[in-house]
Amino acid sequence: MKMLPLTPDGQTPVRALTIAGTDSGGGAGIQADSRTMALCGVHACVAVAAVTVQNTVGVSGFHEIPAHVVADQVRVVVRDIGIGAAKTGMLASTAIIEAVAGVCRELGIGRDGTIPLVVDPVAASMHGDPLLHAEALEAVRNTLIPLATVVTPNLDEVRLITGIEVVDDMTARKAAEALHALGARWAIVKGGHLRASEFSTDLLYDGDTFREFTALRIATGNDHGGGDTLAAALASALAHGYSVPDAVEFAKEWTYRCLAASYDLGAGHGPVSPLWRLHSGSTTH
């Protein structure tokens, strides 16, 4: 695959910001975002929205960071360092979502600003453990998604946000239309959780055209952090100036490679791994 360029030593690389929760097991959340961004040659800045207590078998709790502190992290980073793109992950509560939305509008981050925003509307862990207070779903629909340059829910999140159960191409298209109608400039409906299919097809929609990005399904239970990895790779490509379709194509291929390189960890689901790039060379694998 064609990789994002690496900055020569001593030169400042492209910057991107992740606004999300931590994963104490290191497989998802800000840890996954930072790993992917670094291995895409991007300097990763972070705004921590929540601290989770989790390992490979589940999430046993989380602590929210005060909403104004989350917004302040975004503000100081963007004003000093500057970023080419941002992404959101676990935002946990209505207060945090509203604070993040406010600071993004203030700084020109989002669909109508100069800095693209990838919204990964994290609602639950892959084990089904809640990562978003139930009442915050309305804020996701009405406050967060309307800011999105691209929104990237998994199928469980699609159902929670739109009420549509995606089971085939027709329902995937309806879900993409519903997500776009909420205000996102582009909507992705990811097919990774349609496990009965031989292929994993992600559907991208901009209100006019549907585009499909398909890969063979990799049979592995080690897929922890896959959604975070795709969104972080997408943000990394957007920070490099890629168009949304080209960024999605890159992110899809990147995530496929990370799934192929996933490994066992602990007693539960191991993580997808971007470490394959360390021995791949700078342009192809």
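**Helix α8, salt bridges and a few loop residues**

A92 is buried, its relative accessible area being 0%; buried here stands for under 20%, exposed for over 50%, and partly exposed for what falls in between, with a 1.4 Å probe and protein chains only. This residue sits in the loop between β4 (85-88) and α3, where helices (H or I, at least four residues) and strands (E, at least two) are DSSP runs numbered from the N terminus. A92 also shows a positive phi of about 70°, although it is not a glycine.

A word on the model: it is predicted, so local features need pLDDT of at least 70 and side-chain atom pairs count only at pLDDT 80 or more, while totals for chains, interfaces and linings use all residues. Residues are numbered from 1 along each chain as its sequence is written, and side-chain values use heavy atoms, with hydrogens and water left out.

Two other loop residues turn up on the buried side. T22, in the loop between β1 (15-21) and α1, counts as buried because its relative accessibility is 16%. With neighbours within four places in sequence set aside, T22 is in contact (heavy atoms within 4.5 Å) with I30, Q31, V48, A50, V51, T52 and Q54. S125 belongs to the loop between β5 (117-119) and α4 (137-144) and is buried at a relative accessible area of 12%. Under the same exclusion of sequence neighbours within four places, S125 is in contact with V59 and L131.

Helix α8 (residues 244-260) comes next. Its 17 residues reach 24 Å from first C-alpha to last, close to the 24 Å expected at 1.5 Å a residue; the expected span is 1.5 Å times one less than the number of residues. At the N-terminal end, S243 acts as a cap, with a side-chain oxygen 3.3 Å from the backbone nitrogen of D246. Buried positions in α8 are V244, P245, A247, V248, F250, A251, K252, W254, T255 and C258. What do these buried residues pack against? The partners are α1 (29-39), β6 (150-151), β7 (186-189), β8, β9 (210-216) and α7.

The α7 side of that packing can be followed through L234, which is placed in helix α7 (residues 226-239). L234 is buried, with a relative accessible area of 0%. Neighbours within four places in sequence aside, L234 is in contact with V118, V150, T152, I188, V244, A247, V248 and A251. Among these, V244 is 10 residues away along the chain, and its C-alpha atom is 8.2 Å from that of L234.

Charged side chains were checked next, taking a salt bridge as a side-chain nitrogen of Lys or Arg within 4 Å of a carboxyl oxygen of Asp or Glu. How many salt bridges does this rule give? The count comes to 12. One of them joins E106 and R79, with an N to O distance of 2.8 Å. This pair ties together distant parts of the chain, 27 residues apart: E106 is in helix α3 (residues 94-107) and R79 in helix α2 (residues 67-80). E106 is partly exposed because its relative accessibility is 39%, whereas R79, at 60% relative accessible area, is exposed. Both residues belong to a salt-bridge network that also takes in D72 and R75.

Two further pairs were picked out. R111 bridges to D112, the closest N and O atoms lying 3.4 Å apart. Is R111 buried, partly exposed or exposed? At 26% relative accessibility, it counts as partly exposed, while D112, at 67%, counts as exposed. The other pair is D206 and R211, whose side chains meet at 3.9 Å, N to O. D206 is partly exposed at 24% relative accessibility, and R211 is partly exposed at 29%.

On the nonpolar side, F199, L216 and Y256 make up a surface patch with about 270 Å² of accessible area together. Patches are built from residues with over 30% relative accessible area and no salt bridge, joining like charges within 9 Å and nonpolar side chains (Val, Leu, Ile, Met, Phe, Trp, Tyr) within 5 Å. The areas come from the Shrake-Rupley method with a 1.4 Å probe, and for residues only the protein chains shown count as cover. Within the patch, F199 lies in strand β8 (residues 199-205) and counts as partly exposed because its relative accessibility is 37%.

Conventions
Polar contact = N/O pair within 3.5 Å; in protein donor to acceptor, adjacent residues only side chain to side chain.
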